Amino acid sequence: MQTPIRGLRSFCIAAKCLSFKHAAAQLFLTPSAVSHQIKQLEQQVGIELFHRQTRAIELTNAGRQFYEAIAPLIGELEATIAQFSNNKQNSTITISLPEFFASELFVPRLNDWAKQHPQVNLQLETVKSASDPLKSGDLSIVLASSKPNASQADDLFPLSYVPACNKKLYQELSPAGYDALTSVPLILHRSRPWSWHQWAERCGVDNFDPKQIIQFDSMFGVARAAQQGVGIALVPLPISQAWFNEQLLVKLFDHELVTKDRYYLIRHQYQASAPELNSFTHWIKQTFTA
């Protein structure tokens, strides 16, 4: 097909404003150039598109039908070109990360990166727990008990878990010592179902027999339940530190459950090297490495 795209575009604009002069102004051409392009188009398609009068033009019936068929295609073509032009100007980095990490650590510090790199778009994909499958992307932050089997995996920081509740419950329970563990529900994440028993064993709590255990599939649910006074939760440090700073949670006991859990940054090997990705990776390691 030999019909040039510029001729079709000139025709659509002229058909919309019914003026070669106004179409020429929008296209940064002369009216005679627009008229010539449309004349060539009429010769190529073999139909008369406009009735030409001294000071006006109007579409023929065939021209109107042709416009209704062509205009959506030209609009879609222009939108596609604009989309790819924007993608070239603004690169996008996709990162998968645990939702609690995202809400408590990543998002509060993201403003620094965004201000320094306004030309880089970020797409965040959150997962609830370490057992959820990784989502595809450029980078992933994962919680694991050992270094992930990946070509590029960087250690960020370890986690420990501490018993915590809200201030009201703390005032009620703290005088009872370890006996408080049998009077209210104990809250934990389902990925660590035995964490309360492990904590009690390492603390030397005799005859540990919890009244009730409540499991959540997200760490935010664990912390939120404790903050609402549902019971005592094992919450992770340092990732939950803001909850203690704002006194939404209070440590009921100082002893922490130290585990092998650590956060790791994975850079997927199938992603090509790019300056913005290297810079973002460096920022994450610099910001979150212990």
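Which residues does Pro163 touch, not counting residues up to four places away in sequence? Keep that one in mind; it gets its solution in Exercise 2.

A word on the model first. This is a predicted model, where local features need pLDDT of at least 70, side-chain atom pairs count only at pLDDT 80 or more, and totals for chains, interfaces and linings use all residues. Residues are numbered from 1 along each chain as its sequence is written, and side-chain values use heavy atoms, with hydrogens and water left out.

**Exercise 1. The whole chain**

Work out how the chain is built and how spread out it is.

Step 1: take the secondary structure. The chain has ten helices and eleven strands. Helices (H or I, at least four residues) and strands (E, at least two) are DSSP runs, numbered from the N terminus.

Step 2: look at the spread. The radius of gyration is 32 Å, well over the 19 Å that the globule rule gives for 290 residues, so the chain is more spread out than a compact globule. The radius is taken over C-alpha atoms, and the globule rule is 2.2 Å times the number of residues to the power 0.38.

Step 3: put a box around the chain. Along the principal axes, the C-alpha atoms fill roughly 100 × 40 × 30 Å.

Step 4: check burial and contacts. Of the 290 residues, 42% count as buried. Buried means under 20% relative accessible area, exposed over 50%, and partly exposed in between (1.4 Å probe, protein chains only). Take the contacts (heavy atoms within 4.5 Å) between residues at least 6 apart in sequence: 74% of them join residues at least 24 apart.

**Exercise 2. Two buried residues**

Describe the surroundings of Pro163 and Ala102.

Step 1: place Pro163. This proline lies in strand β6 and counts as buried, at 0% relative accessibility.

Step 2: list its contacts, which settles the opening question. Leaving out residues up to four places away in sequence, Pro163 touches Trp196, Trp199, Ile232, Ala233, Leu234, Val250, Lys251, Leu252, Phe253 and His255.

Step 3: compare sequence and space. Val235 is 72 residues away from Pro163 in sequence, yet their C-alpha atoms are 6.5 Å apart.

Step 4: do it again for Ala102. You'll find Ala102 in helix α5 (residues 99-116), buried with a relative accessible area of 5%. With residues up to four places away left out, Ala102 touches Leu97, Val107, Pro108 and Thr126. Ala102 and Ile141 are 39 residues apart in sequence and 9.5 Å apart from C-alpha to C-alpha.

**Exercise 3. Aromatic pairs**

Find how the rings of Phe157 and Tyr263 pair, then do the same for Tyr178 and Trp199.

Step 1: get the rule. Rings of Phe, Tyr and Trp (its six-membered ring) pair if their centres lie within 6.5 Å; planes under 30 degrees apart count as stacked, over 60 as edge-to-face and the rest as tilted. By this rule the count comes to 20 aromatic pairs.

Step 2: apply the rule to Phe157 and Tyr263. Their centres are 5.1 Å apart with 50° between the planes, a tilted pair. The pair links distant parts of the chain, with Phe157 in strand β6 (residues 153-165) and Tyr263 in strand β11 (residues 257-267), 106 residues apart. Both of these residues are buried.

Step 3: now Tyr178 and Trp199. The ring centres are 6.0 Å apart and the planes are at 90°, so this pair is edge-to-face. Tyr178 sits in the loop between α6 (167-173) and β7 (186-189), and Trp199 in helix α7 (residues 195-203). Tyr178 is partly exposed at 36% relative accessibility, while Trp199 is buried at 0%.

Step 4: look for a cluster. Ring pairs link Phe101, Phe106, Trp113, Phe157, Tyr263, Phe280, Trp283 and Phe288 into one.

**Exercise 4. Backbone oddities**

Locate the cis peptide bond at Pro238 and the positive phi values of Phe28 and Gln247.

Step 1: recall the background. Most residues other than glycine have a negative phi, and most peptide bonds are trans.

Step 2: find the cis bond. It joins Leu237 and Pro238, with omega about 5°. Pro238 is in the loop between β9 (232-237) and α9 (241-245).

Step 3: turn to phi. Phe28 has a phi near 55°; this residue lies in the loop between α2 (20-27) and α3 (31-45) and is exposed at 75% relative accessibility. Gln247 has a phi of about 60°; this residue lies in the loop between α9 and β10 (250-251) and is partly exposed at 49%.
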